[in-house]
Amino acid sequence: MEQNLTHQQKIQSLGLLGKVVTPGGFGSDEALQVLFGYGLSEPNPQLRRALQFALTHVSYVYENSSYFPATIRGVFSPLQELGKSYLRKQAAVELFRRQQIPNVGFLSGEVAQVSSSLQRWVTQQAWILKSCSIGRSLDRNSLPSRVVADFFYQVAGVLCLAGEDKTAASLVNALIAYSDQSAGIRDPKTLLQEQVKQTLTYEYRRIGPDHAAMFHATVTSQDGRQGTGEGASKKTASRGAAEDFLRKYVPRLFRKEIDQGIGTDAVEVPEEPLHGQTVGRLQDLFSLSPAARSLLSQALIHSSWAYENQPRMRACRQRDNLILGYLGSQVLNYEFSLSCARQVVEDPLQELSLSSPANRVLDKAFRYAGLAQGLLLGVGQASLGVPMELGANTFQAVMGAVFVSKSFPAAMRPEWPVEWEPIWRMMIQETKDRVDPSTLLSQAASSMKLELDFDFIASGPDHARKYKAVAVLGSQALGVRTKVSGADVAGKTHARQVVSQVILDVLADLASERPKKSLVKSRGDLSLARFILTHQASIISEQRIPVQRWVDSELFGLHWASSSRSLLEWSQDADELVTRVVDFRSSASKFEQTFRTANEAISDSVDDMESELTAALDVLENVDDAEGVSRDQLDVLVQLCNIYRCLGSRDPDISVGELAADWQLLHRGRLELPQDLPVVKLSGRERAILDAALNSVTKACSKVAVEIARSKPLRLYFSATHPLDRATLLRTCSLWSRVSRTVKLEATESGIQATVAGAIVPESPGPITRAALAAMEPIAHPYQAAVADLLHDLKNQLVAARLAVSSPADTRTARLEQQLAASRHLDQVQALVMRLRATTSLLKPVDAENTELGSFIRSYASTMLSRLPRHISLSVPDARQTVRVALSERGLMAVLDNLVGNSIEALSDGGAIMLDWTADDNEAVIEVADDGPGLPEQVSEALSSGERVRSTKPGGNGLGILGVRSLLGRVGGALTLVPANSGTAWLITIPLSSDLTQEAS
């Protein structure tokens, strides 16, 4: 598919390349004639000049510098990188479209084989040798193959920039055909084993004289088929025998024709509701046909799930997402290189990073896109969360699936949905201002409140002056300063960049999953690493930090907070690095709270649960008939009530034996339990999830067998004696699996399988590791407990309404009285729904938007003034500065509506409300105050102790304040009650938006 570029756009896309006039033009017209043969139409003057430059070596530019702009030398590398990325992408596409790929290793190996064939192929292309412009130091008749390959990359890059994708594809396909003919099969022995799936026997016979010995190999399968080969070693001979066998009995591997029906026999994985919803959302987002659903489904299958669900994989004829992930990575790498090259040809002064999008960015795109809820993970992996590499690969797999479903478009940009525009800006470098190392270091230092300054040491004579930059890092928290020296280079700016990169490399090592191991491997400065990590720990111990910004900057391991295994590994290494310097045992509680807040900022489980609640409210809001409430809707309400009750409480731990005894009492005579039980402790939350799984099975069956396997992780099987409603089981597993990262429920043919994967506790953990372990333990959330109370009342009213109309009535009066009673219960239902609806905006998922605070406050105050009673005044602050906070306008409005609404209710006799705000480099603080009677003492005490808030208002339940606190906590903010002699004053603390988040909005 050709890029949709007009003639004028093709000219503009070449930028400087379309204006450069190479002295003498083409050395030969043969290059143009060959490109015509590959499909190029008559080029316009701009494309002709660009192709002339593509066949120019940098040595020729140096020798003829008067003919070229000084900036043109910066174009070579981006152009070559674009050609390389296009070659890899096109090779991956062509190989993917052929016969079934056995595994991702095979595909990547075949692509590497095509790339490695290039230097042999280009030396046979006389049109390149005759048409290139080279310096006098090079001999046209003996050009190194690497130099000729660079010409190929540059030509392919120019064709991509000009939108001549068909010509570029024909070039690459010619190379692939050569690779097919010359290279054979990369690893015939491995491929033979994969294809035959029988025991193979290799026999060797030595032939030839001693001074030129050869080996003859014969490979024989169990069914008697044979292949033979010869070579100077047994290894070479056996490879030849394997290839001979494949050529005889599996010839389709050598024909390499395109399989037009690839993937058409696979189907979407059924009976996975969240998976199916995500597939459907992606289908709608990219306007794909229903046939694309099987590939989108494959993109969301992790290898751990595929391994644990092999029968289902075979039934769906599906495979895991590794191959699509590889294809998607090549597509995104090409898009990135294309964007960089376009910027450079327009402005060659830029110094852009030519590396592909980092896993950190792709993982952020994965989370922004909300793909986690639809990703199918194995039980063990699900208990560990979604680490960065897994999230990045899944996003690439989704891009691979979309790319294939769109019939392999030349570029993804025209296919990109508007809703994902922030993701494109995250991935593809479109800004013209390069973020240099010193700027990146300044941003990181500002985030962690580390002082940064530079000194310079000059050396050498005036005509060859060199500078060494010395970065001075100061920690007020530690009362210590340290210095880091760079290398001697020309220019102060370059010197500053060099030393900044040294520190950034150490920060990168500290951000890895095993920081100490990474530092040792990279030979990083251990003393500097200890200083930075100790400073970060001290800042967390003493001050409030902008958690989301630290997560985005990958500071203090907070970006690992959603993965139990990764966080534990990081924490253990961090303890080894810093406990030798400072004793942080008293700071463990601060570390724990910070890890918790980071997990809430990253995790999607709370958002998913509250989306389910919002959906349930949507249904109940329109109920006007007691009989209109189905049994399934009541069941969902009961499940949600129990889940929120579980999240809002902290029940004691219990052993498996004690739990089994409780089950025997509760389900007397209905359970078959094993006698020999493992000695394992379960948390109160894990017990609640297992209770829910058992209840879901026993509710529909009089006899249930419970099997408890002695394994790690612990597995329990709840099996019924007759078939159960599959939809009910799937709903139970879907809802309850979100409650804890240590327990996963899966519906089986006869019931439910539960897997409990507790954290592996290291011996003698340090304070940071203890904090990480504590952060993984569930805590009671008052907000969820308040929601559970309302849901319990809601369920009771619905049941009462149903009972009122279901009782027999002998007279017309009795029937009318029943209807009246049911109507009153439904009125209570509507009232309870409205009370929950009052916090609907707080229940919606936290999004990635941010808000410019000053203009929002002014707009909000203006709207509020028009609605205030006349006896209440409102003071509004003047604009002081421009800052963006990490909360959407919708979320910020919900917070202010709640607090200002409370003030209005408190000022029934009149008074004043004041809004004010301020900000520093890391966070903004909004003050909402009134001169009313103040909060009741019991409410103030509950807020300060973190307990349930019991509202003093008629019909109130304190849910609003708890909702505000919950929402702010999920973005790293806080709500604080300010002690005052009169009235009520609240401080709303919200972290400022990180640079990446601001860019995304």
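How many bridges join strand 4 to strand 5?

**View 1. The open sheet formed by strands 4, 5 and 6 in this predicted model.** Strand 4 and strand 5 (residues 466-475) are joined by 9 bridges and run antiparallel. One residue to pick out in this view is Asp453, whose bridge partner in strand 5 is Val472. The sheet is open and has 3 strands in the order 4-5-6, with antiparallel pairing. Strand 4 (451-459) and strand 6 (480-485) are the edge strands, each of them pairing on one side only. From one strand to the next, the twist averages 25°.

**View 2. The surroundings of His57, in the loop between helix 3 and helix 4.** His57 follows helix 3 (45-54) and precedes helix 4 (58-63), in the loop between these two elements. With a relative accessible area of 19%, His57 falls under the 20% cut-off and is therefore buried. The side chain of His57 makes a polar contact, at 2.7 Å, with the side chain of Ser59. When neighbours within four places in sequence are left aside, the residues in contact with His57 are Phe76, Ser133, Ile134, Leu138, Val147 and Phe151.

**View 3. Helix 25, a mostly covered helix of 17 residues.** Helix 25 comprises residues 526-542, and because each residue is taken to add 1.5 Å, a span of 24 Å is expected, which agrees with the 24 Å that separates its end C-alpha atoms. Of the 17 residues in helix 25, 14 are buried.

**View 4. Helix 39 (residues 889-906), with its buried residues.** The 18 residues of helix 39 reach 25 Å from the first C-alpha to the last, which is close to the 26 Å expected at 1.5 Å a residue. The buried residues in helix 39 include Gly891, Leu892, Ala894, Val895 and Leu896, and further along the helix Asn898, Leu899, Val900 and Ser903 are also buried.

**View 5. Confidence across the predicted model, with two stretches of low pLDDT.** The protein has a mean pLDDT of 83, and 89% of its residues reach 70 or more. Among its elements, helix 14 (residues 293-299) has the highest mean pLDDT, at 95, whereas helix 42 (residues 995-1000) has the lowest, at 39. The pLDDT is below 50 over residues 256-263, a stretch that has 17 contacts in the model beyond near neighbours in sequence. Over residues 995-1001 the pLDDT likewise stays under 50, and for this stretch the model has 17 contacts beyond four places in sequence.

Terms used. Residues are numbered from 1 along each chain as its sequence is written. This is a predicted model: local features need pLDDT of at least 70, side-chain atom pairs count only at pLDDT 80 or more; totals for chains, interfaces and linings use all residues. Side-chain values use heavy atoms; hydrogens and water are left out. Helices (H or I, at least four residues) and strands (E, at least two) are DSSP runs, numbered from the N terminus. The expected span of a helix is 1.5 Å times one less than its number of residues. Buried means under 20% relative accessible area, exposed over 50%, partly exposed in between (1.4 Å probe, protein chains only). A polar contact is a pair of N or O atoms within 3.5 Å; within protein, one must be able to donate a hydrogen and the other to accept it, and residues adjacent in sequence count only if both atoms are side-chain atoms. Contact means heavy atoms within 4.5 Å. pLDDT is the predictor's confidence in each residue, from 0 to 100. Two strands pair if DSSP finds at least two bridges between them. Axes are lines fitted to C-alpha atoms, for helices over the stretch in contact, and angles run from 0 to 180 degrees between N-to-C directions.
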